[in-house]
Amino acid sequence: MGAVQCGDAAVRAVQRTAENEKKGPKGGEEMEILVNRIWCLSIGVVLDLILGDPQGWPHPVRLMGKLCGSLEKRLLKETDTGERKRRFGFLLVVLMLAICGGVTCIGLIIVYHMHRAAGIALESILFYQMLSMKDLKKESMRVCEALQAKDVEQARQAVSMIVGRDTACLDESGIARAAVETVAENTSDGVIAPLLYLTLGGAVLGVVYKTINTMDSMIGYKSEKYLDFGRYAAGLDDAANFLPSRLAACLMLVGTILCKLTCRKEERKNTLLYNVGQGIRMYRRDRLQHASPNSAQTEAVCAGALGLRLAGDAWYFGSRVEKPYIGDALRPVEAADIRRANRLLYAASFLMWLCCMGAMTGALLWLKS
């Protein structure tokens with residue numbers, strides 16, 4: 001009997017060896033990549049939560065912005081025809097992606113070749129710099145604190161740092177609304193989308209995403225100057241954010257439940273605050289109430305969850321732009337709503353991090369089996 005058991009064990013060992021040989025070194029490389037990425041994602045998120053984006057520190061996005069601005073000066077000519085502007089706008093997109101993605105890829109290959117720990121350290125820093133959770137909270141809370149201190153001018157100055165619209169004509173309610181909208185919209189652009197692309201393709205894909213995002217923020221406007229030149233940048237940004245924005249909306253809805261369970265007692269009693277049912281209703285009704293197919297996804301959830309009416313007409317570069325409203329004005333917007341929007345941001349981000357870590361851990365266990 002013992003001999004039979006030993007024989008069975010030997011057969012199983014041979015089978016496992018054969019399976020491992022079939023997997024070959026590729027399976028081992030894939031496992032190492034996943035382990036590295038798990039480390040990078042964990043370290044990157046912790047660094048973002050602790051450090052944010054300190055002023056004066058070097059940052060890849062600033063370099064992307066300088067590169068985009070430099071290429072724009074060389075490629076965009078006011079006298080060019082629309083077709084020529086589109087052609088050179090496409091060239092700018094190709095050059096930006098090739099340079100930013102290529103430099104990141106080559107740099108990581110070199111550093112990983114030198115030492116695995118050095119590669120993980122560099123990639124972790126890149127992961128951290130692709131996220132903007134703490135910085136978004138810090139900058140928006142400056143607006144909140146200024147409004148609570150009744151310093152409207154300081155609040156107006158603070159909100160001008162995080163929005164693209166003209167802020168000179170905004171009153172207290174308009175300032176608070178602009179800050180809430182920015183937090184809601186950037187939950188996707190600043191956290192959920194980067195986490196998704198960092199998980200799928202590491203720092204290289206994360207940098208590529210941020211490059212697309214940066215180009216859209218600089219030349220993706222529908223103004224006379226950029227309508228043709230920025231068309232490909234804007235279209236690519238819409239495509240890159242299509243899935244993440246909808247994922248962010250779903251995560252924010254689940255996060256609304258977490259916020260309701262963990263908020264202060266007086267807020268928990270207020271049926272208009274962190275109302276997931278209202279969030280779902282506004283999402284279904286208003287998720288496409290924006291010129292962009294993605295921007296209103298999280299805004300609609302936030303508006304419904306907090307019982308607010310967001311968006312509406314705004315001024316850009318001295319011109320009034322008509323926009324539909326998002327949500328119902330069940331109560332007036334107040335400074336405290338900026339803090340509440342940040343709670344939704346953190347809840348959705350935490351859930352996304354859990355999903356990413358779970359997916360990579362599951363893939364790692366599958367490869368080991």
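Me: Hi! What does pLDDT do over residues 9-18, and how many contacts beyond four places in sequence does the model have for them?
Reply: Hello! This is a predicted model, and over residues 9-18 its pLDDT stays under 50. The model has zero contacts beyond four places in sequence for that stretch. Residues 1-7 are described in just those terms too: pLDDT under 50 and zero contacts beyond four places in sequence.

Me: Okay, and what is the mean pLDDT of the protein?
Reply: The mean is 90, and 92% of the residues reach 70 or more.

Me: Let's go inside. Which residues have the most contacts within the largest nonpolar core?
Reply: Those are Leu92 and Val143, in a core of 94 residues. Helix α7, residues 172-219, provides the largest share of this core, with 20 residues.

Me: What does Leu92 touch, leaving out residues up to four places away in sequence?
Reply: Leu92 touches Cys68, Leu71, Glu72, Leu75, Met215, Ile219 and Phe229.

Me: Glu72 caught my eye there. Is it buried or exposed?
Reply: Glu72 counts as buried because its relative accessible area is 12%, and the cut-off for buried is under 20%. You'll find Glu72 in helix α2, which covers residues 60-75.

Me: And which residues is Glu72 in contact with, beyond its neighbours within four places in sequence?
Reply: Leu92, Ile219, Lys225, Tyr226 and Phe229.

Me: New topic: pockets. How much space lies in the second largest one?
Reply: About 330 Å³. There are 15 lining residues, and the closest to the centre of this pocket are Ile33, Asn36, Arg37, Tyr112 and Glu123.

Me: Which helix gives the most to that lining?
Reply: That's α1, with five residues. Helices α1 (2-51), α3 (82-114), α4 (116-130) and α7 each supply at least two.

Me: How many of the lining residues are nonpolar, polar or charged?
Reply: The lining of the second largest pocket has seven nonpolar, three polar and five charged residues.

Me: One last spot. Where does Gly307 lie?
Reply: Gly307 is in the loop between α11 (295-306) and β1 (310-311).

Me: Buried or exposed, that glycine 307?
Reply: Buried, because the relative accessibility of Gly307 is 1%.

Me: What is Gly307 in contact with, setting aside neighbours within four places in sequence?
Reply: Its contacts are Leu272, Asp328, Ala329, Leu330 and Arg331. Take Leu330 as an example: Gly307 and Leu330 are 23 residues apart along the chain, yet their C-alpha atoms are separated by 5.2 Å.

Terms used: Residues are numbered from 1 along each chain as its sequence is written. This is a predicted model: local features need pLDDT of at least 70, side-chain atom pairs count only at pLDDT 80 or more; totals for chains, interfaces and linings use all residues. Side-chain values use heavy atoms; hydrogens and water are left out. A nonpolar core is a set of buried Ala, Val, Leu, Ile, Met, Phe, Trp, Tyr and Cys residues joined through side-chain atoms within 4.5 Å. Buried means under 20% relative accessible area, exposed over 50%, partly exposed in between (1.4 Å probe, protein chains only). Helices (H or I, at least four residues) and strands (E, at least two) are DSSP runs, numbered from the N terminus. Contact means heavy atoms within 4.5 Å. On a 1 Å grid over the protein atoms alone, a cavity is a set of points where a 1.4 Å probe fits but cannot get out, and a pocket is an open set with protein on both sides within 12 Å along at least five of seven lines; lining residues have an atom within 4 Å of a point. Grid points are joined across faces, edges and corners, and a volume is the space filled by probe spheres set on the points. Ala, Val, Leu, Ile, Met, Phe, Trp, Tyr, Cys and Pro count as nonpolar, Asp, Glu, Lys and Arg as charged, and the others, Gly among them, as polar. pLDDT is the predictor's confidence in each residue, from 0 to 100.
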